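Me: Got a model open here and I'd like to talk it through. Mind if I fire some questions at you?

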Amino acid sequence: MQDVISPRPILNPNERTAWQRFTRNLWQHKYLLLMLLPALAYVIIFSYLPMAGIVIAFKKFNYNQGILGSPWVGFKNFRFLMMSNKLAFLTRNTLLYNLAFITVEMAVEVVFAILINEITSKRFKRVFQSFMFLPYFISWVVVAAIVQAVLGYEYGMINGLIETLGGERINIYANKDIWPVLLVLFRVWKMAGYGSVVYLATITGIDPEMYEAASIDGANVWQRVRYITMPGLKPTMLIMFLLALGQVFRGDFGLFYQLIGNNAAILPKTDILDLFIYRALASTSDFGMSSAAGLYQSVLCFATVMIVNGVIRKVQPDYSLF
Amino acid sequence: MNRTVPLAAPGVRRIRQNDRLAFNAIGYVLVTAFGLACVLPFLLILINSFTSESALMHNGYQFILKEVSLQAYSLAFKSPQRIFWAYRNTVCVTILGASIAVILASMTGYVLQRRDFPWRNGFSLFFFFTTLFSGGLVPWYILCSKYLSFRNNYHALLLPMLFSVWNMIIAKNFMKSIPYEITESAKVDGANDIVIFFRLILPLSTPLLATLGLFSALAYWNDWFNSMLFITKENKMSLQYFLQEMINSIQALKNLVSMGAGAASLSGMVSLPQETMKMAMTVITTGPIILLYPLVQRYFVKGLTIGAVKG
């Protein structure tokens, strides 16, 4: 940079060199910038433009007039949202379901990672690990078909079993109290195989000498798990937990939509923000209220991430996400 | 320490073996239980797709069939046009989409970890911010349907999942482990960055490519959401959405019957194999991805640990 000497007199030498430095950098890294361009254009179009589209929440959106042409209505959409009295209920449901998913999933995943790790038969390990992975590979549409086959009222396998045992058939799809448990169950069923592999990989990374030393000192399996494996897993668990916590107000739309959809009988216990937003968009075309709810959700998510990350950065800076 | 070992050894070993045995027993039982819970539902679907509708109606879903029949499959393939369309769309979009997605994520990840790239932190933040905050579903939907003509167009199935910041972060972390000297020496030899990336870096990144490829392919194959939002034409739907549509229409038909539609139409509807058809369609739409699984499993388990997520 020192060798950049301009022959002409310069009014503001600092700015001039900064600009020159910038253009030279630009030219020097033209290929890197070119490689960056597609992804950059992609996020600008599909992520940043919709952020600007948030203005819809403050407009009476009319599809034909477009975003710019539609008239402003201030906070009217939000007032409607508040008046519907569902916001607190939806927020609470979304939050509680996600917290249940996060904790139960993590517990199951860690337990199975530890159990699989201790199992000696390589073949058993491999076969059952791939079994547990299977649900991760299918869409929620297929899960919904499976759930119907298992829990259905007329032909479902469970009900068939109940009947052969002499009991009464139960209409699970009309029993709203059982669904919170079922949803956690299905979600864990689908995701735990994947998660346990992540934890298993972490366990494999723990220095085996520590285990050897511990057994020589007379530690039993439980103690080894308690004092070596668990502390070894802690960083991964914490990071997974933090990542999940950032999405704690964003529901698993696929799970809820495919398994519950518009089933009015169980919706009182299973309605979440994402379902509400989709319904407002798809069935009533209420763009204003739907985007107001979406903005509310986004702000909630953003605030959670910032607060959680801020706290972590104070307490344990190594684990902060950014 | 060495001295205490022989003294304590016999007792210690017995305790160790006993508790290890107990631990293993618990492990085998629980893992077997969970593994079966994962695999049996698939078997249930597969088995019951091979029975006749009347047998299923009479016996319900069962693991041991009283009657084997190909009724559902023969009916499914009687008018295979829609299956063919859905298959064609999903296969094309999966192959094209996953290939582009992998290149895009790894190329961007490579640039953002280049230590001689002065704006890497700024750009990284620019990408990362999109995972923290979003405009929500509605603005995105309006942008796509009104301004980018997603409605009933194939790019509605392709574009929404073409670039993922999370995949890019995984790629970025992976690329950090490739020695910078490779890039540096190639630069000295006069290669430009694009050539370096495609000729030197990509061939060194096969585990990453396999992992990202599988993640992306899975996302495309299992996508129903984008079809649901943007597609109404039968010949442009994705496979999973086609399945969803079929299951829903069967359900609607059933509701109609139970509400007591006209007796004549009623008997006609009931004779259509609905439940078995549902199962057959599920098998037809899920089969390929499940069959693919054993082939890629090796890479998958390995690849998961790649660039363990930390921005």
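Me: Let's kick off with burial: what percentage of the residues in chain A are buried?

Reply: Keep in mind that this is a predicted model. To count as buried, a residue needs 20 or more other C-beta atoms within 10 Å of its own. Chain A has 322 residues, and the buried share of them is 34%.

Me: And what radius of gyration does chain A have?

Reply: For a compact globule of 322 residues you'd expect something near 20 Å. The C-alpha atoms of chain A fill a box of roughly 100 × 65 × 35 Å along the principal axes. The radius of gyration for chain A comes out at 27 Å.

Me: How many helices and strands is chain A built from?

Reply: Among contacts in chain A with a separation of 6 or more, 66% link residues 24 or more positions apart. As for secondary structure, chain A has zero strands, and its helices number 15.

Me: Which helix gives the largest share of the side of chain A that touches chain B?

Reply: The contact involves 72 residues of chain A and 82 residues of chain B. On the chain A side, twelve residues come from one helix, the largest share, and that's α2 (residues 30-52). By class, that side of chain A has 52 nonpolar, 19 polar and one charged residues. So the helix you're after is α2 of chain A.

Me: Where in chain B does pLDDT stay under 50?

Reply: Chain B averages a pLDDT of 84, with 86% of its residues at 70 or more. Where pLDDT is low, the predicted coordinates shouldn't be read in detail. The stretch under 50, with two contacts beyond four places in sequence, is residues 1-10 of chain B.

Methods. Residues numbered from 1 in each chain as written. Chains lettered and ligands numbered in written order. Predicted model: local features only at pLDDT ≥ 70, side-chain atom pairs only at ≥ 80, totals over all residues. pLDDT = per-residue confidence, 0-100. Contact = placed C-beta atoms within 7 Å. Helix = DSSP H or I, 4+ residues; strand = E, 2+ residues; numbered from the N terminus. Rg over C-alpha atoms; globule rule 2.2 N^0.38 Å. Buried ≥ 20, exposed ≤ 12 C-beta atoms within 10 Å, placed from the backbone. Nonpolar A, V, L, I, M, F, W, Y, C, P; charged D, E, K, R; others polar.
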